[in-house]
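Reader: I'm new to looking at protein models. Could you walk me through how to read one?
Author: Sure, let's take it feature by feature.

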Amino acid sequence: MINGQLKSKIDKLWEEFWTGGITNPLTVIEQITFLMYARLLDMNETSDEKKALRAHQSFKHRFNQDQQHIRWKNLKHIESADVLMTTIRDQLFPYFKSTAGGNSLFAEFMKDAQLMVQKPSLLVKAVAMVDELPLDNGDTKGDLYEYLLSKLTTAGINGQFRTPRHIIRAMVEVLDPVATDRICDPACGTAGFLSVAYEFMLQKYSSAAGTHSETIINEKGEAETQTLYSGDLLAQHRHHVDTDMFHGFDFDATMLRIAAMNLVMHGVAEPDIHYQDTLSQRFTENHPHAAKEGFDIVLANPPFKGSLDEDDVAPELLRMVKTKKTELLFVALILRMLKIGGRAAVIVPDGVLFGSSNAHQQLREELIERNQLEAIISLPSGVFKPYAGVSTAIIVFTKGGQTERVIFYDLAADGFSLDDKRTPIANNDLPDAISQWRAYQQLVVNNANSEAIEQQFGDKTQKAFVVNKSDIASQKYDLSINRYKKVEYLEESYAPPREILRELKALEEAILVDLEELEAML
């Protein structure tokens with residue numbers, strides 16, 4: 001967790017871009033990302049130089065002898081604003097593009113990188129401020145970048161918006177990934193799901209001996225003790241974590257740059273991030289191992305709307321669900337991407353749960369009859385404000401087998417107000433939702449009989465309850481929580497009409513007396 005002082009630095013850096021004429025939040029983050037990347041390249045080069053010197057070994061340099069002047073340690077000392085501008089624009093950015101075909105992390109999407117800063121004075125300030133950020137602190141830099149991403153408060157034209165981190169965290173806890181899993185987000189955006197999954201793994205695979213405490217100053221200026229995790233038990237899986245655990249796809253190159261940097265800042269050395277429309281048939285051609293049965297875990301909040309070229313959609317998806325609706329196609333895609341036994345937690349608009357079209361019913365039947373639909377967690381409609389007010393739910397399912405029953409949870413509060421301000425409040429059903437899910441899963445793992453499950457989760461007036469597959473199938477596979485939840489109505493008793501009339505007359509007489517007294521005073 002970053003302290004108030006570091007937040008102030010980010011705020012000041014953001015304000016400098018704003019006053020410098022760059023007001024699009026995505027552009028600001030992208031430009032800051034380029035500068036951070038330039039600094040990280042130099043930091044890694046310096047680290048390798050020191051290791052090579054100690055070991056008396058050579059290594060593959062990132063910068064040739066004639067490129068030393070564009071290393072961060074030299075850039076930041078250029079005194080002339082105009083010289084700094086021309087050096088970064090005309091030499092550093094072409095260097096980014098020239099290395100895009102090599103082993104650069106941004107290999108697929110660095111070729112169109114552009115410096116959008118037009119004022120030399122702004123660039124000088126930005127370089128100085130980025131140089132002060134603690135990018136060498138592994139415990140801080142991930143949170144630093146997340147705080148930067150929290151300023152991304154505008155939704156994209158294709159229904160893109162950031163999923164709240166506490167919702168992501170709850171979804172990750174529900175799936176409870178392990179260190180050998182391959183985790184994917186087919187519409188990754190800024191890689192929020194993947195970065196939170198990595199944070200979860202660090203905590204899950206940290207022993208008590210692998211933690212330490214550190215005192216920081218929070219935004220209120222108060223001393224606060226934080227427990228930090230070293231990830232010691234994850235070390236044996238480090239190569240897998242760095243190269244093959246996290247996979248993300250998106251068709252927005254700017255988002256991919258930010259996603260890659262987000263994961264790198266969190267500590268994943270080489271995340272597998274690709275420019276690709278995953279609904280396209282080209283996805284199958286370009287990534288055959290990922291497109292079909294490639295992943296153990298899928299976490300996603302796919303776009304609910306946007307342009308769609310039906311002719312370009314993978315035919316296999318259309319055979320599963322004939323539609324132009326992206327929210328249905330993405331669920332079909334995720335089913336295809338999962339290994340047999342693979343699990344997914346996906347945010348969908350409520351229409352997916354109860355839509356009456358053939359495509360809606362076809363998809364729900366697929367989930368229930370030929371896979372294991374495990375949970376429906378209904379979210380309050382204000383969860384995604386100020387981006388959107390659409391009602392949504394989290395669906396949790398496992399590929400393969402068939403459904404016996406589904407647990408529903410009516411989540412009424414997520415710890416924040418449901419207006420555009422989204423201020424913290426006391427009411428929060430998320431901890432209870434996770435607790436109820438774990439209790440239900442324990443019964444399933446222990447092969448509890450239907451009576452035992454019904455005894456604990458059969459009361460449909462509660463927030464958490466189960467519904468048998470046969471009941472869902474009889475309702476055309478309707479998964480709306482209101483279809484099955486029972487509401488208890490309390491009987492109200494009223495006085496007889498004659499008594500109510502007498503009370504009204506008495507009140508009227510009292511009013512007349514008061515009016516007469518007022519008139520006498522005048």
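**Reading the model step by step**

Author: Let's start with one residue: Ser121 is partly exposed, with a relative accessible area of 45%. Keep in mind that this is a predicted model.

Reader: Where does Ser121 sit?

Author: Ser121 belongs to helix H5, which covers residues 120-132. Its C-alpha atom is 9.5 Å from that of Ser80, and the two are 41 residues apart along the chain.

Reader: And how much of the protein chain is buried?

Author: A residue counts as buried when its relative accessible area is under 20%. Here, buried residues make up 50% of the 522 residues in the protein chain. As for the outside, the chain exposes about 25600 Å², and carbon and sulfur atoms supply 49% of that.

Reader: How many helices and strands should I look for?

Author: You'll find 21 helices and 13 strands in the protein chain.

Reader: In what order do the strands of the open sheet run?

Author: To read a sheet, go from neighbour to neighbour. Nine strands form this one, and the order is E5-E4-E1-E6-E7-E9-E8-E10-E13, with mixed pairing. The edges are E5 (272-275) and E13 (464-468), each of which pairs on one side only. From one strand to the next, the twist averages 15°.

Reader: Can we zoom in on a pair of strands? In what sense do E6 and E7 pair?

Author: Strand E6 (residues 295-300) and strand E7 (residues 338-349) pair in the parallel sense, over five bridges. To find the spot, look for Phe295, which stands opposite Leu338 in E7.

Reader: Now the helices. How do I read the angle between H7 and H17?

Author: You compare the directions of the two axes. The axes of H7 and H17 come within 10 Å and cross at roughly 10°. Angles under 35 degrees count as roughly parallel, so H7 and H17 are roughly parallel to each other. On the H7 side the contact is made by His166, Ile167, Ala170, Glu173 and Val174. On the H17 side it is made by Leu430, Ile434, Trp437 and Arg438.

Reader: What else links Glu173 and Arg438?

Author: A salt bridge, with the closest N and O atoms 3.2 Å apart. This pair links distant parts of the chain: Glu173 is in helix H7 (residues 165-175) and Arg438 is in helix H17 (residues 430-445), 265 residues apart. Glu173 is buried, with a relative accessible area of 17%, whereas Arg438 is partly exposed at 45%.

Reader: How many salt bridges does the structure hold?

Author: The structure holds 27 of them. To read one, check the N to O distance, then ask whether each partner is buried or exposed. Take Asp414 and Arg422: their side chains meet in a salt bridge at 2.5 Å, N to O, and both residues are buried. Asp90 and Arg89 form another, with the closest N and O atoms 3.0 Å apart. There, Asp90 is partly exposed, with a relative accessible area of 43%, and Arg89 is also partly exposed, at 40%.

Reader: Which residues are linked in a network of salt bridges?

Author: Asp42, Glu49 and Arg71 are linked that way.

Reader: One last thing: what share of the contacts join residues at least 24 apart?

Author: Count the contacts between residues at least 6 apart in sequence, and 74% of those join residues at least 24 apart.

How values were computed: Residues numbered from 1 in each chain as written. Predicted model: local features only at pLDDT ≥ 70, side-chain atom pairs only at ≥ 80, totals over all residues. Heavy atoms only, no water. Pairing = 2+ DSSP bridges. Helix = DSSP H or I, 4+ residues; strand = E, 2+ residues; numbered from the N terminus. Axes fitted to C-alpha atoms, helices over the stretch in contact; angles between N-to-C directions. Buried < 20%, exposed > 50% of the residue type's maximum accessible area, 1.4 Å probe, protein only. Contact = heavy atoms within 4.5 Å. Areas by Shrake-Rupley, 256 points an atom, 1.4 Å probe, with all protein chains shown as cover. Salt bridge = Lys/Arg side-chain N within 4 Å of Asp/Glu carboxyl O. Parallel < 35°, antiparallel > 145°, perpendicular 65-115°, else oblique.
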